[in-house]
Amino acid sequence: MIIIILFVPYAHRRIICTVRMIKNSVNMQSYSTIPQPQSRNIEKPPVPRVRIAYFIMVHQRPEAFKMLLEKIYTRDQFYLVHIDRKAGSETTEAIQQHVIQYPNVFILESTNIVSEGFSMIQAELNAMRFLLNASTQWDYLINLSGEDLPLRSQDIIRQFLTVHTGRNYIFYYDQKFYRPDTLQRIQNHFTELTHKISSLVYKRDFMKEVTPYIGGRWFIFTRETCSFLTNNEKVMAFEDYYLHTLLPAESFFQTVLMNTEFTDILVNDDKRAHISPPIIGRDQYYAELLTVLSGSNNLFIGKITEKTDDRIIRYIDHLYLQPLHEVDEIARELKRSPGNNN
């Protein structure tokens, strides 16, 4: 067997080592030029603000309505106006002529409203159906009278509802526990006539396995709630019964929502302040009202008339661009009684 041994000169070994070092260097350089993933904070896109559909019921004082519309109007929201059939022709014409200039303001077919009867609820259900069919681009429905005013700008109101999206706002109380004096409204059968409630009344049993609730007629409802109220078969039984009750505008929506799956998203607050000065002691009343307004997070106020104190009007203007106060909802609820809704 022959063994051959090759000897590589020292100089050649150095050349081979140098070539290898150059190749390694090139490989490292190439690797370092590959873009490396970098950790960074990706900003989430801003949550789009909710859009509001307003339903405004008017029966007098077109100038007050015009002031309200000016305060709440934006081009990307929706406005539906109902003019009571009992309103004078001058009032009707003044409002119709005024809203022509606004492409997103609509007028609902006029009906005769009896405030103590179901016609008030029927008009609001009709409004929900109209607005649901008119556009898919609104998230909340707010009902107003033509003599209400906003306490905050639309930017502030929309931001509030965006932060608290998915909640409904309306006053509600267990009617048997807190207002047993009003049970005759639902335990008797009433008939609504053209301009009043019939004096012919008789007793009847209330709905089985339903707890009656009572509160106020003002609400802020999500679109999904409006769809439920106008399209769900469960609601039909409530409609049939409350059609023959007294003042259902203060109890129908409360009873429906508190006896269905919507009870969990109901906030016991309608976000309204109300002006009802006494005949005696008006100065003290208005002073106390200013204190209430300064510490509340209400969004609207009613009822504004020609006789409303100038101090209140000026303070409403002052609040318009002020941020909302943070309110402890639980503490406020514990302090509130059914007779004090401010």
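The following exercises, each with a worked solution, concern a predicted model of a protein chain.

**Exercise 1. Confidence and overall make-up**

State how many helices and strands the protein chain has, and determine which stretch has a pLDDT below 50.

Solution. Begin with the elements: the protein chain has 13 helices and 14 strands. Next, consider burial: of the 342 residues, 46% count as buried. Then turn to the contacts with a separation of 6 or more, of which 82% are accounted for by residues 24 or more positions apart. As for confidence, the average pLDDT of the protein chain is 87, and 82% of the residues score at least 70. The stretch sought is residues 1-34, where the pLDDT is below 50 and where the model has 2 contacts beyond near neighbours in sequence. Where pLDDT is low, the predicted coordinates should not be read in detail.

**Exercise 2. Two helix pairs**

Classify the packing of H4 with H8 and of H11 with H12 as roughly parallel or oblique.

Solution. Two packed helices are described by the angle between their axes and the distance between the axes.

Step 1. The axes of helix H4 (residues 119-134) and helix H8 (residues 223-231) cross at roughly 120° and come within 9 Å. H4 and H8 are therefore oblique to each other. Their crossing is left-handed. On the H4 side the contact is made by Leu125, Met128, Arg129 and Leu132, and on the H8 side by Arg223, Cys226, Ser227, Leu229 and Thr230. These residues comprise 5 nonpolar, 2 polar and 2 charged.

Step 2. Helix H11 (residues 282-295) and helix H12 (residues 310-319) have axes 10 Å apart and pack at an angle of about 5°. Because angles under 35 degrees count as roughly parallel, H11 and H12 belong to that class. H11 contributes Asp283, Tyr286, Leu289, Leu290, Leu293 and Ser294 to the contact, while H12 contributes Arg311, Ile312, Tyr315 and Leu319. By class there are 7 nonpolar, 1 polar and 2 charged residues.

**Exercise 3. The surroundings of H8**

Identify the buried residues of H8 and the elements against which they pack.

Solution. The buried residues are Arg223, Thr225, Cys226, Phe228, Leu229 and Thr230. Besides H4, they pack against strands E4 (140-145), E6 (168-170) and E11 (220-222), and against helices H9 (233-242) and H10 (252-258).

**Exercise 4. Two residues of one loop**

Decide whether methionine 207 and glutamate 209 are buried or exposed.

Solution. Locate methionine 207 in the loop between strand E9 (202-203) and strand E10 (213-215); glutamate 209 is likewise found in the loop between E9 and E10. Methionine 207 has 15% relative accessibility and therefore counts as buried. Leaving aside residues up to four places away in sequence, methionine 207 touches Ala237, Phe238, Tyr241 and Tyr242. The C-alpha atoms of methionine 207 and tyrosine 241 are separated by 7.6 Å, although these residues are 34 apart along the chain. Glutamate 209, at 84% relative accessibility, counts as exposed. Phi of glutamate 209 is near 55°, a positive value in a residue other than glycine.

**Exercise 5. Further backbone geometry**

Find which residues a cis peptide bond joins, and describe where arginine 61 lies.

Solution. The cis peptide bond joins glycine 302 and lysine 303, with omega about 15°. Lysine 303 lies in the loop between strand E14 (300-302) and H12. Arginine 61 lies in the loop between strand E1 (52-58) and helix H2 (62-72). Its phi is near 50°, which is positive in a residue other than glycine. At 22% relative accessibility, arginine 61 counts as partly exposed.

Note on methods. Residues are numbered from 1 along each chain as its sequence is written. This is a predicted model: local features need pLDDT of at least 70, side-chain atom pairs count only at pLDDT 80 or more; totals for chains, interfaces and linings use all residues. Side-chain values use heavy atoms; hydrogens and water are left out. Helices (H or I, at least four residues) and strands (E, at least two) are DSSP runs, numbered from the N terminus. Buried means under 20% relative accessible area, exposed over 50%, partly exposed in between (1.4 Å probe, protein chains only). Contact means heavy atoms within 4.5 Å. Axes are lines fitted to C-alpha atoms, for helices over the stretch in contact, and angles run from 0 to 180 degrees between N-to-C directions. Angles under 35 degrees count as roughly parallel, over 145 as roughly antiparallel, 65 to 115 as roughly perpendicular and the rest as oblique. A crossing is left-handed if the near helix is turned anticlockwise from the far one by less than a right angle, and right-handed if clockwise. Ala, Val, Leu, Ile, Met, Phe, Trp, Tyr, Cys and Pro count as nonpolar, Asp, Glu, Lys and Arg as charged, and the others, Gly among them, as polar. pLDDT is the predictor's confidence in each residue, from 0 to 100.
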